[in-house]
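Visitor: I'd like to learn how to read the side-chain contacts in a model like this one. Could you walk me through it?

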Amino acid sequence: MTIWLSAGIIFTLLAIITILIKWGNVRVVGVTPVKTFTFIAILFTSGLDVGLIMFPLTEFAGYADIKASPEYAFANPLAIEFGYWGFLIWGFYFLTCFYFCVIEPKVKFFEIPWVKFINNVVIIGTCAFTAYLLLNNLSWYLPGLADDSSVAPEFYLIVFAAICFAVYSSTDIKYVRILSISTTWLFLALIAFMWVGAFAMGDNEMSAFTDNLGSIGTYFANINEFVLPLNDYHEFYLFWWFAWSIMIGQFTSRFVGGLKTYQVLGAMLIFPSIPIAIWFSVLYQYHEAGISTQGIKNFAMVFVGIVFVINSLDSLVRLYTDNLNLTVKRFGKAKYMAMNVIALSLLTLLFKLEFLQIQWVGALVIGLFFICAAFIGYNKFKTVTNIDSSPKENKIDYTKIDTVH
């Protein structure tokens, strides 16, 4: 699996370089373009899930234990955490976003029936994994409800409610802008709230915060260390990013609003990484200073984590239902909701039972990358080399999202 993953990463990086050389100045326009801030909000809230909120406080100690994990010795725990979530790996999303916006309309690889089937298996499976992550981490943040022997019934109800809410919001694309922008502001509010708890009580709060931010610079000084998997846990993260990449690219490609290719790459690498760096710097202070998050802080993180899950599920449900023509228009809202809620709930339980693993999904995506490249090289090479713009029918009309349902 490690060799397969490493080959996928190298292929991805080479493909990004090729795109920049060949189409770096092409203006990228999706079928439902939005303004840049909205695009970044959709990318950020759809491209991340509950793990961003809930994982760091459970992981810093492990990254600091270089006796047990000497491979982490080259950087501090904060830089390691950032390396698992920020900057370079957002290039995976850029590759698929550009492909689905500019190349796929000409190639139509994902319209091949067996490819479409595998693609939607990936999307549905990753939907369920997102819900499973929420279910699996609630006990750490809400210990009052937890039971050492099993997941509390309340946790199942919380996850079920999030699935229901997400499926309902996926019934109309107009909700995506509202949900994404609202979640972005909510996350920024959470950062501010947690920052006060971490730094406002000290005498040198700003210097402590800036020191933490500065520690992330170790990531950029050692960015080469994060390209290939450091260990099994990093491998898990990288497969997870691959699993997400193919569907987030499909979804976000709809909303690119006229940025040039190199600007899309810059926006995807830089803008999501800024709030991630700030958020991790705040959480790291809680870890380093031994500040408790019990009570309202944990509830605040759980609430925002649930909203992230709703965002992610909303985008993914809309994507696979469109692909498979399992739409509200075809079945009606009640049947549409029942069908998706039942399917995602059952698949979430399969992840809980460890019948499914996200690494398998990520490996499947890498396989699709390789097959797609071979298909282009064999059947569509001249077609692709002649591409010089986004599809002509994609026009920059920021009001279109208000009229599409």
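Visitor: Let's start with charges. How many salt bridges does a search of the whole structure find?

Guide: Keep in mind that this is a predicted model. The general idea is that side chains of opposite charge can pair when their charged atoms come close. Here, the search of the whole structure turns up 3 salt bridges.

Visitor: Which residue forms a salt bridge with Asp-314, and how far apart are the closest N and O atoms?

Guide: That's Arg-318, with the closest N and O atoms 3.0 Å apart. Asp-314 and Arg-318 are 4 residues apart in helix 15, so about one helical turn separates them. Both Asp-314 and Arg-318 are buried.

Visitor: And which side chain does Asp-322 meet in a salt bridge?

Guide: Asp-322 meets Arg-254, at 3.2 Å from N to O. This pair links distant parts of the chain, 68 residues apart: Asp-322 sits in helix 15 (residues 296-323), while Arg-254 is in the loop between helix 12 (232-252) and strand 2 (257-260). Have a look at the cover, too: Asp-322 is partly exposed at 38% relative accessible area, whereas Arg-254 counts as buried at 15%.

Visitor: What about Glu-111: which residue is its salt-bridge partner?

Guide: Lys-108, and their closest N and O atoms are 4.0 Å apart. The cut-off is within 4 Å, so keep that in mind when you read this pair. Glu-111 is partly exposed, with 49% relative accessibility, and Lys-108 is partly exposed as well, with 41%.

Visitor: On to rings. How many aromatic pairs does a search of the whole structure find?

Guide: The search gives 50 aromatic pairs. To read one, check the distance between ring centres and the angle between planes. For Phe-37 and Trp-185, the centres are 6.3 Å apart and the planes are at 40°, so this pair is tilted. The two rings link distant parts of the chain, 148 residues apart, with Phe-37 in helix 2 (residues 36-47) and Trp-185 in helix 9 (residues 174-199). Phe-37 is partly exposed at 47% relative accessibility, and Trp-185 counts as exposed at 53%.

Visitor: Where do Phe-109 and Phe-375 lie?

Guide: Phe-109 lies in the loop between helix 6 (91-107) and helix 7 (113-141), and Phe-375 in helix 18 (residues 358-379), so their pair ties together parts that are 266 residues apart in sequence. This aromatic pair is tilted, at 5.4 Å centre to centre and 45° between the planes. Phe-109 is buried, with 1% relative accessibility.

Visitor: Now cysteines. How many disulfides does a search of the whole structure find?

Guide: A disulfide is a covalent bond between the sulfur atoms of two cysteines. The search finds 0 disulfides in the whole structure.

Visitor: Why is there no bond between Cys-101 and Cys-97?

Guide: Cys-97 has the closest cysteine sulfur to that of Cys-101, but 6.2 Å is too far for a bond. Cys-101 is buried, at 3% relative accessible area. The sulfur of Cys-127 is also too far for a bond, being 14 Å from the closest cysteine sulfur, in Cys-164. Cys-127 is buried too, at 0% relative accessibility.

Visitor: One last feature. Which residues form a nonpolar patch on the surface?

Guide: Ile-10, Leu-14, Ile-17, Ile-21 and Leu-228 form one, with about 490 Å² of accessible area together. Of these, try picking out Ile-17, in helix 1 (residues 2-23). Ile-17 is partly exposed, with a relative accessible area of 46%.

How values were computed. Residues numbered from 1 in each chain as written. Predicted model: local features only at pLDDT ≥ 70, side-chain atom pairs only at ≥ 80, totals over all residues. Heavy atoms only, no water. Disulfide = S-S within 2.5 Å. Buried < 20%, exposed > 50% of the residue type's maximum accessible area, 1.4 Å probe, protein only. Patch = residues over 30% accessible without salt bridge, like charges linked within 9 Å, V, L, I, M, F, W, Y side chains within 5 Å. Areas by Shrake-Rupley, 256 points an atom, 1.4 Å probe, with all protein chains shown as cover. Helix = DSSP H or I, 4+ residues; strand = E, 2+ residues; numbered from the N terminus. Phe/Tyr/Trp six-rings, centres within 6.5 Å; stacked < 30°, edge-to-face > 60°.
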